[in-house]
Structure formats: structure tokens, C-alpha cells
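This report describes selected features of a protein model, moving from its aromatic side chains to a pocket and then to the surface.

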Amino acid sequence: MTSEDYVALAIFVLLWAGFSWASDGGRGFDRVSLTRLMNEHRARWIRNSLNRDLKMIDTQIIAGLQAGTAFFASTTIFALGGCFALLGATDQVQMIFSDLPQIFRSGRTAFELKVGGLTCLFGYSFFKFGWSYRLFNYCSILMGGIPMTADMKRDQKAAERAAERAIRMNILAAKHFNAGLRAIFLSIGYLGWFISPYVFMVLTALVIFVLARRQFFSEARAALIENAQ
């Protein structure tokens with residue numbers, strides 16, 4: 001591990017933390033992100049459920065959210081298995097790298113540390129997706145506790161409190177899902193570290209640029225802003 005490696009790793013962590021803070025709506029950052037706009041639509045959806053007795057629409061939406069979360073959770077399990085297989089094939093990988101003149105040769109120990117870091121990255125994603133799946137399950141239970149229209153008219157405040165609980169749980173589940181997905185995206189930049197710390201920094205900056213554009217300057221965000229107006 002060289003000083004360039006440590007600098008590249010520090011930049012990776014800082015960009016990750018900074019982007020997470022901005023997209024989740026950190027204080028002092030005024031531009032609304034796509035994630036925050038969608039949180040408003042999540043709240044609108046669940047509040048609308050107070051006005052209908054048929055909840056099949058809501059259960060289908062929750063089921064779709066859970067299915068997507070489960071897909072990514074299972075994908076990270078495969079990625080973790082690949083990382084452990086890569087650790088077991090260190091000698092073969094080092095032989096391949098030695099034949100490639102462009103590859104930055106960092107030694108066996110550094111290679112194993114980088115694979116260990118990649119393993120931690122996918123492990124973090126798995127726990128985020130797993131917890132998100134659990135929270136969406138809790139949200140479905142809270143949705144089932146929202147009173148029917150007739151009951152809401154008798155005690156509107158209690159019905160609104162039930163809806164707000166489901167909203168908070170849904171937004172929290174989405175927050176963990178986004179965190180896991182963000183880690184998978186950033187793993188693409190992390191792969192550049194196996195070539196060179198400079199490639200690591202460039203790829204990380206490129207991934208953050210793409211994610212920031214989608215969150216703050218994309219057509220999807222513009223569509224939500226227009227609908228809000």
C-alpha cells in the first residue's frame with residue numbers, strides 16, 4: 001500500500017459520504033434531490049390510501065418494492081461469493097497481473113486487502129438490502145393497520161397517525177435500499193483500485209458524477225418537479 005492508495009481510499013470515502021449527505025437532504029444543501037421528491041410521493045400515496053377501502057393497489061406496490069429489494073440482496077450474496085473465490089485464487093490472479101504491463105503491481109498483501117475491502121462493500125450492501133426488505137415488511141403490516149374509510153370518519157386523527165407511521169417506515173426502508181444500491185454503484189469505481197490508485201480516483205469521481213446528475217439534474221427529477229407544480 002502506497003501513499004497514493006491511502007489518498008485514493010480517503011477520496012472514495014469522502015465522496016461517498018458527501019453524496020449520501022446531499023442526496024438524503026443534508027442541512028445547508030438547498031437543491032432538492034430525486035430521492036427527496038420521491039419521498040414526498042411515497043407520503044402522498046399512503047395518505048391517499050385513507051380514502052379507499054380497497055387496499056389491493058397498496059399491497060401490490062409494497063410487494064413490488066420487496067421483490068426489487070430481495071433481488072439486489074440475492075445479487076450481493078453472489079458478489080460476496082465471488083470475492084471469497086477471488087481471495088482463494090490470489091496466486092493465479094497475481095500471475096495474470098504480472099503479464100499486463102499497464103497494471104499497477106501492488107503486491108500480494110495489498111491485493112488481498114483490496115479484495116477484503118470489496119468484500120466489506122458488498123457485505124454492507126447486503127445488510128442494507130436485508131434491513132430494507134424487513135422494513136418494507138413492517139410497512140405492509142402498518143398499511144394493514146390503516147382504518148377503513150368509515151372508521152376514519154369516526155376518528156380521523158387516529159387514522160392520520162396510522163398513515164404517518166406507515167409513511168415513516170416506508171421512507172426509512174427506501175433510505176436503506178438507496179444506501180445499498182449506492183454502494184453497488186460505487187463498487188464499480190472501487191474496481192479501478194486493482195489497476196491503479198489513479199484509476200480508482202478517476203472512476204470514483206465518474207460514478208459520483210453520474211449519480212449526482214441523476215439525483216439533481218436528470219429528466220426524472222424534472223418530471224417530478226413539473227408534476228409538483
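In this predicted model, one aromatic cluster is formed by Phe 12, Trp 16, Phe 111, Tyr 124, Tyr 190, Trp 193, Phe 194 and Phe 200. The count of aromatic pairs comes to 15. One of these pairs joins Tyr 190 and Phe 194: the ring centres lie 6.3 Å apart and the planes meet at 70°, so the arrangement is edge-to-face, given that planes over 60 degrees apart are classed in this way. Tyr 190 and Phe 194 are both buried.

The largest pocket has a volume of about 430 Å³. Its lining comprises 21 residues, and those nearest the centre are Thr 35, Phe 177, Asn 178, Leu 181 and Gln 215. The following helices each supply at least two residues of that lining.

| Helix | Residue range | Residues supplied to the lining |
|---|---|---|
| H2 | 34-48 | at least two |
| H3 | 56-88 | at least two |
| H7 | 156-190 | six |
| H8 | 197-216 | at least two |

Helix H1 likewise supplies at least two residues to the lining of the largest pocket. The greatest contribution to this lining comes from H7, with six residues.

On the surface, Met 1, Tyr 6 and Leu 113 form a nonpolar patch whose accessible area together is about 310 Å². Met 1 belongs to the segment that precedes helix H1 (3-23). Is Met 1 buried, partly exposed or exposed? Its relative accessibility is 35%, and therefore Met 1 counts as partly exposed, a class that lies between the limits of 20% and 50%.

How values were computed. Residues are numbered from 1 along each chain as its sequence is written. This is a predicted model: local features need pLDDT of at least 70, side-chain atom pairs count only at pLDDT 80 or more; totals for chains, interfaces and linings use all residues. Side-chain values use heavy atoms; hydrogens and water are left out. Patches are made of residues with over 30% relative accessible area and no salt bridge: like charges are joined within 9 Å, nonpolar side chains (Val, Leu, Ile, Met, Phe, Trp, Tyr) within 5 Å. Accessible areas come from the Shrake-Rupley method with a 1.4 Å probe; for residues, only the protein chains shown count as cover. A salt bridge is a side-chain nitrogen of Lys or Arg within 4 Å of a carboxyl oxygen of Asp or Glu. Helices (H or I, at least four residues) and strands (E, at least two) are DSSP runs, numbered from the N terminus. Buried means under 20% relative accessible area, exposed over 50%, partly exposed in between (1.4 Å probe, protein chains only). Rings of Phe, Tyr and Trp (its six-membered ring) pair if their centres lie within 6.5 Å; planes under 30 degrees apart count as stacked, over 60 as edge-to-face and the rest as tilted. On a 1 Å grid over the protein atoms alone, a cavity is a set of points where a 1.4 Å probe fits but cannot get out, and a pocket is an open set with protein on both sides within 12 Å along at least five of seven lines; lining residues have an atom within 4 Å of a point. Grid points are joined across faces, edges and corners, and a volume is the space filled by probe spheres set on the points.
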